[in-house]
Amino acid sequence: MLAVSESLRRGLAPAFLMASILSATATPALAQGKASPVEVDEVREEPLTQTAPATGRFVAIELGSVATRVAERVEEISVRAGDRVKKGDVIARLADGRLRAERSLRASEVKKAEAQLARASANRAKAEQTLARTEQLRGSNAFRKNALEDAQRDLEAAAASLAESEAETARARAELQLAEIALADASIRAPYSGVVLARHVVAGAHVQVGGAIVTLMNDEALEIEADVPAQRLSGLAPGVPVGAQLQDGRRLNATVRAIIPEENPRTRTRAVRFTPELPEDAIRIAENEGVTVFIPIGTERTVVSVHKDALLLDSAKPRVYLVRDGKVQPRTIVIGESLGNRFEVLEGLVPGDKVVIKGNERLRPGQPVAVQVKG
């Protein structure tokens, strides 16, 4: 029995040996032929300006109370806090019965003044006609000097009466116009588009001239105001572009509009106003919402940068996987300042290098890869 088993073992040994050899040679070949899918990004040159963060806030360009221009009782108020209105929309209506009666009274005074003006004009024409006839008698026996003088005085009086009637007519028309303006002001309209922050009256309340009806803010016309240390104002001037970051991390561009020439004696800062390029959903930005503005503090220079996702920090120094001829090779690099989602590269890479930014955690040196360029 032992002899048979020994013979069987000796016969099978070469077969097991051959299988082991084939397995050892086939596995590396399969591994080397399989390309790992990765996403790459290109190392590039870009301008860099050193900046310092400054805390700012959004301020509305148009914000304030919408007031009444006439003293009257509030008939109706059609908005509440949070309502959005367009320029020209009626916010409230005042009782206008008295104002309509006032306009009718002024209209009748205009008609009266116009009638008096017509009579004065006719009287002057008559006086001119009488004077002309009297002058025609000059040189005849019917001419009387005193009659000529009387006609001249009558013309002067008619002219003065006409001037007075013209002034009275102008006054009556102006008062009619004021009455019409007051009647129109009984409908209080939004001076600009925006959102109602607060309502100050209710129906039935009596308001005086200048009384606040609502507080209105245009939340689509916003500026950024930041208090910038005086020693950092040298890099700012109207028209200079800067970067900014919202509280939710969104980035936006802004431009210096004005540097307010007033310094805070406690903090030694000056208020700087920036015009932002607001995102499409700027309606979500609120008055006094915080924002970080990056103030330039140095001259612009060109740097080599790499995408942050390319960095592997599992060793003493940061490294990346560089793609060359369809395979990857590790490259130790030296990084500098952060540039948003990129880092400055001080050593190890040159512009145009392709580095892996997705799938680099499982790579090994020399491994073939199927490259997908970052879109």
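Two strands are taken to pair if DSSP finds at least two bridges between them. By that criterion, 4 strands of this predicted model form an open sheet in the order 2-17-21-20, with antiparallel pairing. Strand 2 (44-48) and strand 20 (334-339) stand at the edges of this sheet, and each has a single partner strand, so one side of each is left without a neighbour in the sheet. From one strand to the next, the twist averages 50 degrees. The pairing of strand 20 with strand 21 (residues 342-347) is antiparallel and extends over 4 bridges. Within it, Ser-338 has Phe-343 of strand 21 as its bridge partner.

The chain as a whole gives the setting for this sheet. The protein chain contains 3 helices and 23 strands. Of its 375 residues, 33% count as buried. Among contacts in the protein chain with a separation of 6 or more, 75% are between residues 24 or more positions apart.

A second open sheet also consists of 4 strands, here in the order 4-11-9-6, and its pairing is antiparallel. Its edges are strand 4 (63-67) and strand 6 (84-85); each has a single partner strand, so one side of each is left without a neighbour in the sheet. Strand 9 (residues 194-199) and strand 11 (residues 212-217) are joined in the antiparallel sense by 4 bridges. One residue of this pairing is Val-196, whose bridge partner in strand 11 is Leu-216.

Strand 16 offers a way into the interior. This strand is mostly covered, with 6 of its 7 residues buried. Strand 3 pairs with strand 16 in the antiparallel sense over 7 bridges, and Ala-54 stands opposite Val-293 in strand 16. Strand 13 also runs antiparallel to strand 16, and 4 bridges join the two. Here Gly-243 stands opposite Phe-294 of strand 16.

In soluble globular proteins, nonpolar side chains tend to be buried together. In this model, the largest nonpolar core has 23 residues, and those with the most contacts inside it are Ile-224, Leu-236 and Phe-274. At least two residues of this core are supplied by each of strand 3 (51-60), strand 12 (222-229), strand 13 (241-246), strand 14 (251-263), strand 15 (269-276) and strand 16 (290-296). Strand 12 provides the largest share, 4 residues. The surroundings of Ile-224 can be followed in some detail: leaving aside neighbours within four places in sequence, Ile-224 is in contact with residues including Phe-58, Ala-244, Leu-252, Val-272, Phe-274, Val-291 and Val-293. Arg-57, Arg-273 and Pro-276 are also among the contacts of Ile-224. Apart from this core lies another, of 22 residues, among them Val-70, Ile-188, Tyr-192 and Val-196. Val-196 is thus named both in this other core and as the bridge partner of Leu-216 in strand 11.

The largest pocket brings several of these elements together. About 680 Å³ of space lies within it. Its lining consists of 20 residues, of which Leu-48, Thr-49, Thr-51, Gly-243 and Arg-251 lie nearest the centre of the pocket. Strand 2, strand 13, strand 14, strand 16 and strand 20 each give two or more residues to the lining. The largest share of the lining, 4 residues, comes from strand 13. Strand 2 and strand 20, which contribute to this lining, are the edge strands of the sheet described at the outset. Gly-243, one of the residues nearest the pocket centre, is the residue that stands opposite Phe-294 in strand 16.

Technical notes
Residues numbered from 1 in each chain as written. Predicted model: local features only at pLDDT ≥ 70, side-chain atom pairs only at ≥ 80, totals over all residues. Heavy atoms only, no water. Axes fitted to C-alpha atoms, helices over the stretch in contact; angles between N-to-C directions. Core = buried A, V, L, I, M, F, W, Y, C linked by side-chain atoms within 4.5 Å. Buried < 20%, exposed > 50% of the residue type's maximum accessible area, 1.4 Å probe, protein only. Contact = heavy atoms within 4.5 Å. 1 Å grid on protein atoms, 1.4 Å probe; cavity = no way out; pocket = protein on both sides within 12 Å on 5 of 7 lines; lining within 4 Å. Points joined across faces, edges and corners; volume = space filled by probe spheres on them.
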